[in-house]
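The following paragraphs lead through a protein model, beginning with its sheet and ending at its surface. Please keep the sequence and the structure in view while reading.

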Amino acid sequence: MSKQTKKLLEPIAFSYLRFSSAVQGKGDSVDRQTEGADEWSEKNQIEIVQRMSDLGLSAFKGDHVRRGELGAFLDLCKTDDFKRICQTRDVYLLVESLDRLSREKIMTAVNQLSSIIETGVKVVTLIDGQTFDEESMNNPSSLIIAVTVMARSFEEIVSRTKRIRSAWVKMRKRAEAGEIINTMCIPRWMTCVDGKKFVLVPKAVKVVRQVFKLAAEGV
């Protein structure tokens, strides 16, 4: 951590965790991010006063800012009351890594990080123990680290998006040529037999039809 001026009140911390897809939610992402924040809190004897999470919201599209808890925190940072809190005590924002805060274009990501830090908040990345604050961000090495991480996060998601888009284009062409394409996106009321044809699942079809019937009746 950077050298700090002693403030009147005890320091506090906010923790923030995020992942983009439901698939990530089935893994250990939440536990890993939560445990990392808890370990930091215990090690530094600093209380986590609020835990924020944006589960399933994309940081590449900025969904977590527009309609998530990170957006609410950014709005909080703009208030005079919060700025006064940062003047009287050290305030930390705990994140696993900077790509949890943003995967948008580099300047957008850097400006977002700067807006948090300029309030007086110290951003801690738990994966590498880095602390980004007003003092460290004036240090070329810390600034380079932040920009490099954000650039890599953006480029990684752009590359992944291109690969996925290309794969779907190829599958559509194969489907148009008459090939049976068996993917995880097949409706659950259908199944693919021997990779050659789709057939209905009677029990599932019955449920789907009942749902539509009830909906039509106003349920």
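Which residue in E3 is the bridge partner of Ser-15? The partner is Leu-94. This model is a predicted one, and the pair is a convenient place to enter it. Strand E1, residues 12-19, runs parallel to E3, and four bridges join the two strands.

On E3 there is a second pairing to follow. Strand E4, covering residues 121-125, is also parallel to E3, and five bridges connect them. Within this pairing, Leu-93 of E3 has Val-123 of E4 as its bridge partner. The chain passes from E3 to E4 by way of helix H6 (residues 106-119), and the three elements together make a right-handed β-α-β unit. E4 in turn is joined to E5 by three bridges, but here the strands run antiparallel; Val-124 is matched with Thr-131 of E5. In general, strands of a sheet pair through backbone hydrogen bonds, in either a parallel or an antiparallel manner.

The complete sheet can now be assembled. It is open and contains five strands, in the order E2-E1-E3-E4-E5, with mixed pairing. Strand E2 (47-55) and strand E5 (130-132) occupy the edges; each has a single partner strand, so one side of each is left without a neighbour in the sheet. From one strand to the next, the twist averages 25°.

How many of the five residues of strand E3 are buried? The strand, residues 91-95, is mostly covered, with five of its five residues buried. Val-91, Leu-93 and Val-95 point one way from the strand, while Tyr-92 and Leu-94 point the other way, and all are buried.

The next topic is the charged residues. Side chains of opposite charge can pair when their charged atoms come close. A search of the whole structure finds 12 salt bridges. In one of them, Glu-96 is paired with Arg-32, and their closest N and O atoms are 2.5 Å apart. This contact links distant parts of the chain, for Glu-96 lies in the loop between E3 and H6 and Arg-32 in helix H2 (residues 29-44), 64 residues apart. Glu-96 is buried, because its relative accessible area is 11%, under the 20% limit. Arg-32, at 35% relative accessibility, counts as partly exposed.

Glu-96 also meets the side chain of Arg-100 in a salt bridge, at 2.8 Å from N to O. In this pair both Arg-100 and Glu-96 are buried. Through salt bridges that share partners, Asp-28, Arg-32, Glu-96 and Arg-100 are joined into one network. Another salt bridge brings together the side chains of Asp-63 and Arg-67, with 3.9 Å from N to O. Asp-63 counts as buried at 14% relative accessibility, whereas Arg-67 counts as exposed at 60%.

The surface remains to be considered. Val-207, Val-211 and Phe-212 form a nonpolar patch there, and together they have about 320 Å² of accessible area. Val-211 belongs to helix H8, residues 202-216, and its relative accessibility of 49% makes it count as partly exposed. Trp-168 is located in helix H7, residues 140-176, and it also counts as partly exposed, with a relative accessibility of 34%. The C-alpha atom of Trp-168 is separated by 32 Å from that of Leu-70, and the two residues are 98 residues apart along the chain.

Conventions:
Residues numbered from 1 in each chain as written. Predicted model: local features only at pLDDT ≥ 70, side-chain atom pairs only at ≥ 80, totals over all residues. Heavy atoms only, no water. Patch = residues over 30% accessible without salt bridge, like charges linked within 9 Å, V, L, I, M, F, W, Y side chains within 5 Å. Areas by Shrake-Rupley, 256 points an atom, 1.4 Å probe, with all protein chains shown as cover. Salt bridge = Lys/Arg side-chain N within 4 Å of Asp/Glu carboxyl O. Buried < 20%, exposed > 50% of the residue type's maximum accessible area, 1.4 Å probe, protein only. Pairing = 2+ DSSP bridges. Right-handed = clockwise from strand over helix to strand, strands pointing away. Axes fitted to C-alpha atoms, helices over the stretch in contact; angles between N-to-C directions.
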